[in-house]
Amino acid sequence: MDPVASASEIESAHETPAYQAMAREMIDSAVREFGDSLAILTSFQREGLVVLDLVLGVAPRTPVLTIDTGRLPAATYDVITEVEKRYATRVGLIVPDPAEIESMISLHGRDLFLEAVPNRMLCCQLRKVRPLERYLTRNPGISACFQGLRRGQSDTRANVDFIDRSTDPIRINAIADWSAEEVLRYTLDNNLPEHPLYAAGYTSIGCDPCTRAVSPGEGERAGRWWWESEADKECGIHFTPDGRAERQVDVLLREVLARTKR
C-alpha cells in the first residue's frame, strides 16, 4: 500500500462535508450580522437539535426557545432537560394564553382538531402561532431566528429559503438543503440528544395527539394530522353578511377571542 496515498485518504475522511461547511459558514455569517439579537426556535426534532448544536458551538449564549403547546409528548420534556444539561443553557418555554385555550375547549372540545381542518388550524393558532407572536412582540430585541426546516421534508417546504428576510424576525434555515440521511449522520457522529419517538418509527414529531409513526414508503411528514384527506386540507370559506369572504378558521378564532374577552 502506498503510504502517501493512505495518509491522504485518512485526511480526506476527516474533512468536513461540503453541506456541513456551508451550514457553518451561514451560521458564522448570521452571528456576525445579528449578534445578540439571534435566537434558536426548535421543537427538538433531529433537525432542530443539529441546528442548535451548530449554533451553540459558535455562539453559546444564543437563547434557545420552544413552543410548549400544552399537548407535547412527555418525552419531549425529557429531551429539553437533556439539552439544558449538555449545553449549560436554559430553554425558554413559550406557552399559550390559558384563557384562550379554556375558551376554545369550552366552545369546541379538547380534541376539536379531529372534527375538521379549520378546527385543527384554530388549535394551532391558539397553541402555537399566537403565543409565538406575543412572545416576539414582547421581546423586540430578537431580529432573527434559526430554525430546522428542510426542503426534503415535504412538497410545501421544497422552496424554503436559507435566509428569509421577508419575515419579522428573519428566519434562518441553515440546513435547508440537507437530506434526512445527512441529518442522521451528523446526529450520530456528534452523539446528539435524540427524541425517543424516532426509535418508535416517528419521522416528524409535534403535538402528541396529532403525530404518529409512519409506515415504510410514507413521506417524512405523513404522520402529521394523518386523518385529514387531501380534500379536507383546503381551508373552509365563510361569507359575512356584507359579502366579504373569510377563512373558516378566522371565524372560529374570532368567536374564541370574543368569548375570552367577556
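In which kind of crossing, left-handed or right-handed, does helix H2 pass helix H3? Let's get to know H2 before answering, keeping in mind that this is a predicted model.

## Meet helix H2

Helix H2 runs over residues 18-34. With 17 residues at 1.5 Å a residue, H2 should span 24 Å, and its end C-alpha atoms are indeed 24 Å apart, so expectation and model agree. Just after H2 comes Gly35, which takes a positive phi of about 55°.

## Two faces of the helix

Which residues of H2 are buried? They are Tyr19, Gln20, Ala23, Met26, Ile27, Ala30 and Phe34. These residues cover an arc of only 125° around the axis, and therefore lie on the same side of H2. Turn to the face pointing away from that buried side, and you will find the exposed residues Ala18, Glu25 and Arg32.

Several elements help to cover the buried residues of H2, including strand E1 (38-41), helix H3 (46-58) and helix H7 (180-189). Strands E4 (144-146), E5 (163-164) and E6 (170-172) are also among them.

## How H2 meets H3

Two packed helices are described by the angle between their axes and the distance between the axes. For H2 and H3, the angle is about 50° and the axes are 10 Å apart. Because of that angle, H2 counts as oblique to H3. And here is the reply to the opening question: H2 passes H3 in a right-handed crossing.

You can look for the contact itself in the structure: Ala23, Arg24, Ile27, Asp28 and Val31 in H2 meet Leu54, Val55 and Val58 in H3. Of the H2 residues in this contact, Ala23 and Ile27 are among the buried ones.

How values were computed:
Residues numbered from 1 in each chain as written. Predicted model: local features only at pLDDT ≥ 70, side-chain atom pairs only at ≥ 80, totals over all residues. Heavy atoms only, no water. Helix = DSSP H or I, 4+ residues; strand = E, 2+ residues; numbered from the N terminus. Expected span 1.5 Å × (residues − 1). Buried < 20%, exposed > 50% of the residue type's maximum accessible area, 1.4 Å probe, protein only. Arc of directions from axis to C-beta. Contact = heavy atoms within 4.5 Å. Axes fitted to C-alpha atoms, helices over the stretch in contact; angles between N-to-C directions. Parallel < 35°, antiparallel > 145°, perpendicular 65-115°, else oblique. Left-handed = near helix turned anticlockwise from the far one by under 90°.
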